Structure formats: C-alpha cells, structure tokens
Amino acid sequence: MPSQEDALSGGCQCGAVRYQVEQVGRSGVCHCRMCQKAVGNIFAALVEVDWKHILWTRGEPAKWKSSDGVHRYFCSNCGTPLAYAHDGGIELTIGSFDKPDKVPPIHQTNASVRLSYFDQLPDLQKDHEAEYAEYQAGFRSFQHPDHDTDHWTAKERDTSATTNCRVTE
C-alpha cells in the first residue's frame, strides 16, 4: 500500500470499518432503483476499485446478497453503505471516502430511469445555511473524523447516545 499521504482513505460513519485504496478507476452515479434503495438516496455515487488495491484497515464490512452476483457491503454497526460488489469487481461509495472531492463522478449509469427532478438539483434554493452552520457548531458529533485514527471505538461516544433504536408505530 502507498504511504498515508498518497492513499485515499475512507470508512463508515461510526469508524468501525475503515479502508485505504492506492488507486481508483472509473467513477459515476447509478440511478437504478436497487442502488437508490441500497444507499437510501436518489442515486448511488460509486467508484471502481481493483480488489487488490483495497486494504481494510479497521474492521471488515458486512455483506448482503442483493441480487444474483451482487453483494452490498456496509457497516454492521452503523449501517453506512460502503460498496457494491459484482462478478466484475467492486465499487466503493464515493461518500464514504474521507475526501470525496478527490473522487468526482464522470458518468451516469441507468440515466434513462433517473428521477424526474435530478437535473433540477443544482438550481435548488439554498436555505438557512447560516442557521445550519450555527446549529452544527452547537452539537457534539459522534461521527468518526474524516481521517485515519490510531484508535477509535464506540466506547468513546457519549454513553447517553442511542445505540439501538426501535421503530414503533
């Protein structure tokens, strides 16, 4: 693996699963319904990575077989979607990288089925940015920082934080 400075690193929200990659391939967004459901969003942003270039530096992701020949990798602790693996290789979620700006999407897959409002996203009104910045400054985050750490455990979180939620009707 490359030096810490040269590697692209990333991981889940809670820090239980971390990775480094030495190089990435083609990146893009997929609009198919399966990807939407897998990441809980209106598209999945993914980048191809050769299996031999991935080093899981903390923990290992759980996986779920979402269809024939396809597994979705995620953190079993916090649920962060981490990868889409298929017979041809693996693609990491761009949002799980510590510096997602270094992995910009360059293509769209299944664009013919993208949501009708996708092209309007850049034009959305930008509301309450100052209020949100003030709000963010006033709370303590339990999210893993966007860089590798020598030590990180869930025990470092506030013990009053909810760890097991149950949805009730």
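## A tour starting at Arg 18

Select Asp 98 and Arg 18: both are buried, where buried means under 20% relative accessible area, exposed over 50%, and partly exposed in between (1.4 Å probe, protein chains only). Before moving on, keep in mind that this is a predicted model, in which local features need pLDDT of at least 70, side-chain atom pairs count only at pLDDT 80 or more, and totals for chains, interfaces and linings use all residues. Residue numbers run from 1 along each chain as its sequence is written, and side-chain values use heavy atoms, with hydrogens and water left out.

**Stop 1: the salt bridges**

Show the side chains of your two residues. Asp 98 and Arg 18 meet in a salt bridge, 2.6 Å from N to O; the term covers a side-chain nitrogen of Lys or Arg within 4 Å of a carboxyl oxygen of Asp or Glu. Asp 98 sits in the loop between β9 (89–93) and β10 (107–109), while Arg 18 belongs to strand β2 (residues 18–21), 80 residues apart. Helices (H or I, at least four residues) and strands (E, at least two) are DSSP runs, numbered from the N terminus.

Now add Asp 148, which forms a salt bridge with Arg 18 at 2.7 Å, N to O. Asp 148 is in the segment after α2 (129–137) and Arg 18 in β2, so this pair ties together parts that are 130 residues apart in sequence. How buried is Arg 18? Its relative accessible area is 2%. Through shared partners, Arg 18, Asp 98 and Asp 148 join into one salt-bridge network.

The structure holds 3 salt bridges. For another of them, go to Asp 119 and Arg 114, whose side chains meet at 3.1 Å, N to O. Arg 114 is partly exposed, with 27% relative accessibility.

**Stop 2: the whole fold**

Zoom out and switch to cartoon. You should see 2 helices and 10 strands, running β-β-β-α-β-β-β-β-β-β-β-α from the N terminus. Of the 169 residues, 31% count as buried.

Colour β1, β2 and β5 first. They form an open sheet of 3 strands in the order β1-β2-β5, with antiparallel pairing; strands pair if DSSP finds at least two bridges between them. β1 (8–11) and β5 (54–58) stand at the edges with a single partner strand each, so one side of each is left without a neighbour in the sheet. From one strand to the next, the twist averages 25° (axes are lines fitted to C-alpha atoms, for helices over the stretch in contact, and angles run from 0 to 180 degrees between N-to-C directions). β2 and β5 are joined by 4 bridges, and Val 21 has Ile 54 of β5 as its bridge partner.

Then colour the other sheet: 7 strands, open, with mixed pairing, ordered β6-β7-β8-β9-β4-β3-β10. Here β6 (62–67) and β10 are the edge strands, each with a single partner, so one side of each has no neighbour in the sheet. The twist in this sheet averages 30° from one strand to the next. Look at β7 (residues 70–74) and β8, which pair in the antiparallel sense over 5 bridges; Arg 72 is matched with Tyr 84 in β8.

**Stop 3: the cores**

Next, select Val 21, Val 47, Ile 54, Leu 92 and Phe 97. Of the 14 residues in the largest nonpolar core, these touch the most other members. A nonpolar core is a set of buried Ala, Val, Leu, Ile, Met, Phe, Trp, Tyr and Cys residues joined through side-chain atoms within 4.5 Å. β2, β4 (44–49), β8 (81–86) and β9 each supply at least two residues of this core. Another core of 7 residues lies apart from it, with Cys 30, Cys 35, Ala 44 and Tyr 84 among them.

Which residues does Val 47 contact, leaving aside neighbours within four places in sequence? Among them are Val 24, Ile 90, Leu 92, Phe 97 and Val 103, with contact meaning heavy atoms within 4.5 Å.

**Stop 4: Leu 82 and His 53**

Leu 82 is in strand β8 and is buried at 0% relative accessibility. Pick the C-alpha atoms of Leu 82 and Leu 92: they are 5.7 Å apart, with their positions 10 residues apart in sequence. Beyond four places in sequence, Leu 82 also touches residues including Gly 11, Val 17, Pro 61 and Phe 74.

Finish at His 53, in the loop between β4 and β5. His 53 counts as buried, at 10% relative accessibility. Its side chain makes a polar contact with the side chain of Gln 23 at 3.3 Å. That term means a pair of N or O atoms within 3.5 Å; within protein, one must be able to donate a hydrogen and the other to accept it, and residues adjacent in sequence count only if both atoms are side-chain atoms.
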